[in-house]
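Open the model in your viewer and get ready to select residues by number. We will go from stop to stop together, looking at what is there.

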Amino acid sequence: MMPYTYILINFFTVIICFLASFDGRIRFNKLFGKFLLSSTIVAVPFIIWDIWFTAKGVWWFDLNYTLGFKIAGLPVEEWLFFYCIPFACVFTYYCLEKFFTLDWMSTLNNLIVFTAVIVLSVTGLLYYERIYTLLTVIVTVLTLCYLHFIAKKDWIGKASFVYLILMPGFFAVNGILTGSLIPSPVVNYNPDDFLGIRMGTIPVEDAVYGYSQFLLNIYFFKKITENEK
C-alpha cells in the first residue's frame with residue numbers, strides 16, 4: 001500500500017468534487033475543458049518552480065510513497081497534484097459562489113491586500129537568504145498586486161474567505177504529504193531554505209504558496225469562462 005500513498009491522496013482529494021460536478025444543479029462537468037486550460041496556464045510556472053527546487057535540493061520526495069515514475073525529476077503524482085488540488089479548490093469556489101452570496105467579502109479587499117503585502121514584504125526582506133520563503137513572498141505579493149491594482153478584481157476577499165473554508169482539506173492533504181499520520185514525509189524540506197515555522201508538520205510557506213496558486217487558478221478560470229451563463 002505504501003507506494004500508492006501519493007496517488008491515493010490525489011484521488012481522494014478530487015473524487016467527491018468530480019462526481020458532484022455532474023449534479024444537474026451544478027453541471028461543472030461542462031466546464032472541464034476550460035478548467036483544464038486554466039489550470040494548465042497556472043501549473044506551468046509552478047511545475048517549473050517545482051522542478052528547479054527539486055533539482056537544487058530545496059525539497060525532495062520519498063519515492064517509497066510513489067509509483068516510481070518520474071518526469072523531469074518529479075514523481076508523476078506531483079504533476080497530477082497541480083490538477084487535482086486546483087480542481088477541488090476551483091470547484092468549491094464555483095459552488096459557493098453559485099449558491100451563496102459572498103459579495104460582502106469584497107469590502108475587505110483593501111484590508112486583505114495591504115496587510116498581506118506588508119507582512120509578506122517584511123518577511124521577505126528579513127529572510128531573503130531562505131529561497132523558499134523569498135520566492136513564495138515574491139510570487140504572492142506580485143499576484144495580489146496584479147489582481148488588485150492592475151486587473152482590479154473585486155473578488156479577492158471572497159476568494160480569501162473560500163481559501164479559509166478549504167483549510168481543513170489543506171491540513172489533511174499537506175499534513176500527510178509532510179509526515180502527519182505516516183512514518184516519514186512524502187515531501188522533505190531543506191531546513192536552510194525556509195523559515196522553519198510549521199503548522200503541525202506543514203511549513204507555513206506551503207499555505208502562502210497555496211494561496212497564490214489558488215488565486216491564480218480562480219483568476220484564469222474566471223477569465224476563460226467569463227461568457228458562461
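A residue is called buried under 20% relative accessible area, exposed over 50%, and partly exposed in between. Keep in mind that this is a predicted model.

**Stop 1: along helix α2**

Select Val44, which lies in helix α2. Is Val44 buried, partly exposed or exposed? Its relative accessibility is 44%, so Val44 counts as partly exposed. Now add Trp79 to your selection: Val44 and Trp79 are 35 residues apart along the chain, and their C-alpha atoms are separated by 10.0 Å.

Next, select Ala55, also placed in α2, which covers residues 32-56. With a relative accessible area of 69%, Ala55 is exposed. Draw a distance from the C-alpha of Ala55 to that of Cys95: these two are 40 residues apart in sequence and 38 Å apart in space.

**Stop 2: α1 beside α3**

Show α1 (5-20) together with helix α3, residues 76-99. How do their axes cross? They come within 9 Å of each other, at an angle of roughly 30°. Angles under 35 degrees count as roughly parallel, and α1 and α3 are therefore roughly parallel to each other. The crossing in which α1 passes α3 is left-handed.

Turn on the side chains to see who meets whom. Among the α1 residues in this contact are Tyr6, Ile7, Asn10 and Phe18. On the α3 side, the partners include Leu80, Phe81, Phe87 and Phe91.

**Stop 3: helix α4**

Now select residues 109-126, which form helix α4. Why would you expect this helix to span 26 Å? It has 18 residues, and at 1.5 Å a residue the expected span is 26 Å; the count of steps is one less than the number of residues. The C-alpha atoms at the ends of α4 are 26 Å apart, which agrees.

Which residues of α4 are buried? Colour Asn109, Val113, Ala116, Val117, Leu120, Thr123 and Gly124, and you have them. These residues cover an arc of only 140° around the axis, which puts them on the same side of α4. Rotate to the face turned away from that buried side, where you will find the exposed residues Leu111, Ile118, Leu125 and Leu126.

What covers the buried residues of α4? The cover includes α5 (131-150), α6 (156-165) and α8 (204-224).

**Stop 4: α4 against α5**

Keep α4 on screen and add α5. Their axes come within 9 Å and cross at roughly 155°. Over 145 degrees counts as roughly antiparallel, and α4 and α5 are therefore roughly antiparallel to each other. This is a left-handed crossing. The contact is made by residues including Val113, Phe114, Val117 and Leu120 of α4, and Leu134, Val137, Val141 and Leu144 of α5.

**Stop 5: two backbone surprises**

Most residues other than glycine have a negative phi. With that in mind, go to the loop between α1 and α2 and select Arg27. Phi of Arg27 is near 50°, a positive value in a residue other than glycine. Arg27 counts as partly exposed, at 47% relative accessibility.

Finally, move to the loop between α7 (167-177) and β4 (187-189), and select Leu181. What is the phi of Leu181? It is positive, about 70°, although Leu181 is not a glycine. Leu181 is exposed, with a relative accessible area of 84%.

Note on methods:
Residues are numbered from 1 along each chain as its sequence is written. This is a predicted model: local features need pLDDT of at least 70, side-chain atom pairs count only at pLDDT 80 or more; totals for chains, interfaces and linings use all residues. Side-chain values use heavy atoms; hydrogens and water are left out. Helices (H or I, at least four residues) and strands (E, at least two) are DSSP runs, numbered from the N terminus. Buried means under 20% relative accessible area, exposed over 50%, partly exposed in between (1.4 Å probe, protein chains only). The arc is that of the directions from the helix axis to the C-beta atoms. Contact means heavy atoms within 4.5 Å. Axes are lines fitted to C-alpha atoms, for helices over the stretch in contact, and angles run from 0 to 180 degrees between N-to-C directions. Angles under 35 degrees count as roughly parallel, over 145 as roughly antiparallel, 65 to 115 as roughly perpendicular and the rest as oblique. A crossing is left-handed if the near helix is turned anticlockwise from the far one by less than a right angle, and right-handed if clockwise.
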